[in-house]
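The following paragraphs lead the reader through one protein structure, from its sheet and hairpin to its pockets, its cavities and some details of its backbone. Please keep the sequence and the model in view while reading.

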Amino acid sequence: MRDRIVAELDRTRRRSALLTEVVDDADLMRQHSPIMSPLVWDLAHVGNQEELWLVRDVGRREPVRRDIDDLYDAFKQPRRDRPSLPLLRPDEARAYLGTVRTKVLDLLDTVRFDERRLVADGFAFGMIVQHEQQHDETMLATHQLRVGPPVLAAPPPPPSAGPVTGEVLVPAGPFTMGTSTDPWALDNERPAHRVDLPAYFIDAAPVTNADYLAFMAAGGYTEPRWWSEPGWHYRCAANLAAPMHWRRDGADWGYLRFGRFSPLVLDEPVVHVGYYEAEAYAAWAGKRLPTEAEWEKAARWDPASGRSRRYPWGDEDPTPEHANLGQRHLAPAPVGAYPAGASPLGVHQLVGDVWEWTSTGFHGYPGFAAFPYREYSEVFFGESYRVLRGGSFGTDRAACRGTFRNWDLPIRRQIFSGFRCARDPRPGEHDR
């Protein structure tokens, strides 16, 4: 357990360092978008969370920097205001993180993992790893928004191993949603509970750039009939006409990704679309977005055994053959690139590549109990947010599993979000 924790803490910190060492101090202190924090705020914030939970709570050690707690409290400091705060300078932030980590590694030798619920199975350490990885993905999204020469590089994702088209029928019946046993699962993933669903169809692959271009060519952004009332209102107010970061290249479209412009890859999952755009596309296609339960059943349910797997391919942790995760690449992979990651029903790329919007608002499961603090999940519950599932190319394996739940406002497009569609069977279809 200790060796695993040390390895995960170190692996995660190396990613944080990569994202913050490729730009100069002025870039770290700059706010690249009013909806994002300066990179240096994220960096110091992950150290502050590590201090609060591991040094002070788990280790019961004296505070390192109690004076900065309010500065790095995400609820007290709205993102738009963070650049005006007396933030730690990059060298101060790095020194602070180093001091906190030294104390954590020291106290790790004294922790008993059966002492109390917070540390059982290393949960508090896993929570901190996941928290930092989530901020690493946020920092990656900030890099996508920054203006300037490219600073990040990665090899391209693998090519498609073969076409993946059409829909998959998910038969009616119950399945187990959520988990009560995954030791590092967060509170909103718990508890495991039975959900009984009618039969439905779900796309075998995410919606691609080619698919989305067809929607645009058919006037998808100009026809209010495809949009919900709030969706159309936002489309008009924001003057949406294409996914975020798409740019015209003569008669064609391309995208600006991490400072580099390139033509669209037509069989790549569309990314940087908001919920309202996904909802409108689905209506245009004669379908709908899947519910969260439908998404999870397609991802986890094994028809042979009737049990829910941890991942679509089984219970083993993701490998590079299963999914596009962990910033190994800086783009979604073409549809069909990960046949080893398909679910038993033949649904592909449910994990990695792009977060997938669902039609479900963010709520606790039956029997939900906030742990270890309300501000992680419970304060966001309600219909204002929509749940996203599956992770993206920027999501780390530690913060992604078949039960993991993300959520955001329907207007958000800076996240690495895409979608797939679902629909109800037509008369007689569920018998085929």
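An open sheet of 4 strands follows the order β10-β9-β8-β11, and its pairing is mixed. Its edge strands are β10 and β11 (417–418), each of which pairs on one side only. Here two strands are said to pair if DSSP finds at least two bridges between them; strands (E, at least two residues) and helices (H or I, at least four residues) are DSSP runs numbered from the N terminus. This is a predicted model, in which local features need pLDDT of at least 70 and side-chain atom pairs count only at pLDDT 80 or more, while totals for chains, interfaces and linings use all residues. Residues are numbered from 1 along each chain as its sequence is written, and side-chain values use heavy atoms, with hydrogens and water left out.

In general, strands of a sheet pair through backbone hydrogen bonds, either parallel or antiparallel. Strand β8 (residues 355–362) and β11 run parallel and are joined by 2 bridges; Glu356 stands opposite Gly418 in β11. By contrast, β6 and β7 run antiparallel, with 4 bridges between them. Gly254 has Pro263 in β7 as its bridge partner. The hairpin of β6 and β7 has 2 residues between the strands, and in this hairpin Phe258 takes a positive phi near 55°.

The strand β6 also takes part in the packing of helix α6. In α6 (residues 209–217), Asn209, Tyr212, Phe215 and Met216 are buried, a term that means under 20% relative accessible area, with exposed meaning over 50% and partly exposed lying in between (1.4 Å probe, protein chains only). These residues are on the same side of α6 because they cover an arc of only 115° around the axis, the arc being that of the directions from the helix axis to the C-beta atoms. The buried residues of α6 pack against β5 (246–249), β6 and α8 (275–284), where contact means heavy atoms within 4.5 Å. After α6 comes Gly219, whose phi is positive, near 85°.

The pockets and cavities come next. On a 1 Å grid over the protein atoms alone, a cavity is a set of points where a 1.4 Å probe fits but cannot get out, whereas a pocket is an open set with protein on both sides within 12 Å along at least five of seven lines; lining residues have an atom within 4 Å of a point. Grid points are joined across faces, edges and corners, and a volume is the space filled by probe spheres set on the points.

The largest pocket has a volume of about 1,400 Å³. It is lined by 45 residues, of which Ala74, Arg79, His135, Phe380 and Trp407 lie nearest its centre. Two or more residues of this lining come from each of α3 (39–58), α5 (123–145) and β10 (406–408). The lining of the largest pocket divides into 21 nonpolar, 11 polar and 13 charged residues; Ala, Val, Leu, Ile, Met, Phe, Trp, Tyr, Cys and Pro count as nonpolar, Asp, Glu, Lys and Arg as charged, and the others, Gly among them, as polar.

The second largest pocket, with a volume of about 300 Å³, brings the reader back to the hairpin strands. At least two residues of its lining are supplied by each of β6 (252–257) and β7 (260–263), and β7 gives the most, with 4 residues. This lining comprises 13 nonpolar, 1 polar and 3 charged residues.

The structure holds 3 cavities of 30 Å³ or more. The largest cavity has a volume of about 100 Å³, and of the 13 residues that line it, Met127, His131, Leu186, Tyr373 and Tyr376 are the closest to its centre. To this lining α5 gives the most, with 5 residues.

Some backbone details remain. Most residues other than glycine have a negative phi, and most peptide bonds are trans. A cis peptide bond joins Arg190 and Pro191, with omega about -10°, and Pro191 is found in the loop between β2 (173–177) and β3 (193–197). Another cis peptide bond joins Phe371 and Pro372, with omega about -5°; Pro372 is found in the loop between β8 and β9 (382–389). Asp121, in the loop between α4 (90–108) and α5, has a positive phi near 60°. Is Asp121 buried or partly exposed? Asp121 counts as partly exposed, because its relative accessibility is 43%. Gln327 has a positive phi of about 65° although it is not a glycine, and it is buried, with a relative accessible area of 10%.
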